[in-house]
Amino acid sequence: MGGALPERRPAPVAPLVVERLRLRDFRNWARLDLALPPGPVVLVGPNGAGKTNLLEALSLLAPGRGLRRASPAELDRRPGGGPWAVAARLSGRRGAFEIAVGREPGGERRAVTVDGRPLRDRARRAELVAMLWLTPAEDRLFQEGPAERRRFLDRLTLTLDPAHAAQVATYERLLRDRAALLRSGRRDPAWLAALEARIAAAGVAVAAARRQLVAALVRAGAAEAGPLPGVRLALEGEVERWLEQEPAARVEERLAAALATSRELDAASGGAAHGPHRSDLLVHDATSGEPAAACSTGRQKALLVGLLLTHARLRGALLGELPVLLLDEVAAHMDGGRRAGLARAIVELGAQAWLSGTDRGLFAALDGHATFLEIDNGTIVGDERASHDAR
C-alpha cells in the first residue's frame, strides 16, 4: 500500500479468528494446546496467573515485539525452560493458515513460519495477522509524552498499511545515522545532503500515512453512534501542516532544507529539530470537547477502547477483515454502564476479542456470548463455552 489506505471493500466482513493456540515454555506457561470456537474469549484469574502472558503470546504472532516489547530471551519460562514457541491456527478472509513464532535455540532472533515455511517479510506478516491491543500501560496514554501516542498510532496504521512499519524503521535508522555523523564532526555537505533527502522522503511517507489514518478514523467515528463515547482526533506537527498546504514532493524538499539549516543545533542536541518524530496525536471527547487528558480515568479508558473499536470497524470496511483484539484488564476503572457498553460493542462488532480481568463479574454482560477460561499459575483450570458453542 505504501502510505495509501486501501479502497473500501464490499460486505461481507470476516473476523480474523484464532481457532487453536499452542504454547511451549512461554513465560509461566509450560504447555498449552487450546481449541476455541468463534466469539469473544474472557480470561479470568488472580494477578500473576498468566492471563497477560497468554495475551502477550498471541500478540507475538503479529509483527513487532509484542504488547510488552520484550526481548526474545525474556520470554523463556524460568527456571529451566526454553526456547519458547507460540503456534496458532488462524482463519479469516484468506482462509485458514498455521503460523508459528519462537526464539531460535542459542540466539536472540525470532523465527517465523507460515504453513511450515519461513516468513521474513514483515509486511506480508502484517497482511496475514492483524491484532490490536490495549494494556494497563496505555491507561496513561493521554498523560504521557507524544512518543507513546505516536507508537500507538503507528500500530494502528500498520494494520491498514503493512509497509508503514518499514518506513518508520527506515526513518528512525536514518535519523540515528545523521546524528552519529553530526557527532563525529565529519560533516561532508554532499554526504549530509544526500542523507537528509532520504530522511525527508521516509519522514514524509510516515507523516502522510499517519495523517491519512487519522482522517479516515475521524470520518468513521462521525458515521457511527456506538455504546462507547466517541473521540475527536487531530494530528499536530510541522510536516503534517505542510502536507495540508503542498504536495508531498514539495514537503520533502522543505523538510530536507529544514534539516540542513538545523545541523549545528542538532549536533549539539543529538537529535533533529524537524520531522514527524516530533508530531503528536491530539484526542478530545467528541461530545464534550474536553481533552482526553482532562477526562476521568474511566472515561479515558472508554475513549481509548472506543477508538480501538472504531479502527477495527474501519479495517473491516476497507479490507473485509476484522482484527483480533487483545484487551488486558480492559474493564478496570469502568463503571457498570461502560462495561455493559463495552460488551455490547464487542458483540455487535463481531471480532474475536480476548479480554482479561481478575473478577468474572466484570464481564457478566458477555455471559452466553463468550468463552470463559479460568487461569491459575499458567494453567487453564476452568473452561466454560458460550451456550451456542457448548461442548
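This briefing walks through the fold, the nonpolar cores, one buried helix and a few local features of the chain.

What you have here is a predicted model, so local features need pLDDT of at least 70, side-chain atom pairs count only at pLDDT 80 or more, and totals for chains, interfaces and linings use all residues. Residues are numbered from 1 along each chain as its sequence is written, and side-chain values use heavy atoms, with hydrogens and water left out. The chain carries 10 helices and 16 strands, where helices (H or I, at least four residues) and strands (E, at least two) are DSSP runs numbered from the N terminus.

**Overall shape and surface**

- The radius of gyration is 22 Å against 21 Å from the globule rule for 391 residues, so the chain is as compact as a globular protein of that length.
- That radius is taken over C-alpha atoms, and the rule is 2.2 Å times the number of residues to the power 0.38.
- Along its principal axes, the C-alpha trace spans about 70 × 55 × 40 Å.
- Of the 391 residues, 50% count as buried; buried means under 20% relative accessible area, exposed over 50%, and partly exposed in between (1.4 Å probe, protein chains only).
- About 16900 Å² of the chain is exposed, with carbon and sulfur atoms supplying 50% of it; accessible areas come from the Shrake-Rupley method with a 1.4 Å probe, and for residues only the protein chains shown count as cover.
- Take the contacts with a separation of 6 or more: 71% of them involve residues 24 or more positions apart, a contact being heavy atoms within 4.5 Å.
- On the charge side there are 55 positive and 48 negative side chains, and the centres of the two sets lie 3 Å apart.
- For that tally Lys and Arg are positive, Asp and Glu are negative, and His and the chain ends are not counted; each charge is placed at NZ of Lys, CZ of Arg, CG of Asp or CD of Glu.

**Nonpolar cores**

- The largest nonpolar core has 51 residues, and Leu325 and Leu355 have the most contacts inside it.
- A core here is a set of buried Ala, Val, Leu, Ile, Met, Phe, Trp, Tyr and Cys residues joined through side-chain atoms within 4.5 Å.
- Helix H9 (residues 297–319) gives this core its largest share, 11 residues.
- Apart from this core lies another, of 41 residues, with Phe26, Leu55, Ala62 and Ile375 among them.
- Setting aside neighbours within four places in sequence, Leu355 has contacts that include Pro40, Val41, Val42 and Leu43, as well as Leu327, Val330 and Phe363.

**Helix H1**

- In helix H1 (residues 51–59), 9 of the 9 residues are buried, so the helix is largely enclosed by the rest of the structure.
- The buried set isn't just nonpolar names: it includes Lys51, Thr52, Asn53 and Glu56.
- Asn53 sits in H1 and is buried at 11% relative accessibility.
- Beyond four places in sequence, Asn53 touches Phe26, Arg27, Asn28, Trp29 and Arg68.
- Thr52 is in H1 too and counts as buried, with a relative accessible area of 19%.
- Not counting neighbours within four places in sequence, Thr52 is in contact with Leu67, Arg68 and Asp328.

**Backbone oddities**

- As background, most residues other than glycine have a negative phi, and most peptide bonds are trans.
- The peptide bond from Arg78 to Pro79 is cis, with omega near 0 degrees; Pro79 is in the loop between H1 and strand E5 (85–92).
- Arg69 is in the loop between H1 and E5, has a positive phi of about 55 degrees and is partly exposed at 41% relative accessibility.
- Arg27, in the loop between strand E2 (17–26) and strand E3 (29–35), has a positive phi of about 50 degrees.

**Two loop residues**

- Pro227 lies in the loop between helix H5 (189–222) and strand E10 (231–236) and is partly exposed, with a relative accessible area of 25%.
- Leaving out residues up to four places away in sequence, Pro227 touches Gly341, Arg344, Ala345 and Glu348.
- C-alpha to C-alpha, Pro227 and Ala302 are 9.8 Å apart, with their places 75 residues apart in sequence.
- Ala332 is in the loop between strand E13 (324–327) and helix H10 (336–349), partly exposed at 28% relative accessible area.
- Ala332 and Asn47 are 285 residues apart in sequence and 13 Å apart in space, C-alpha to C-alpha.
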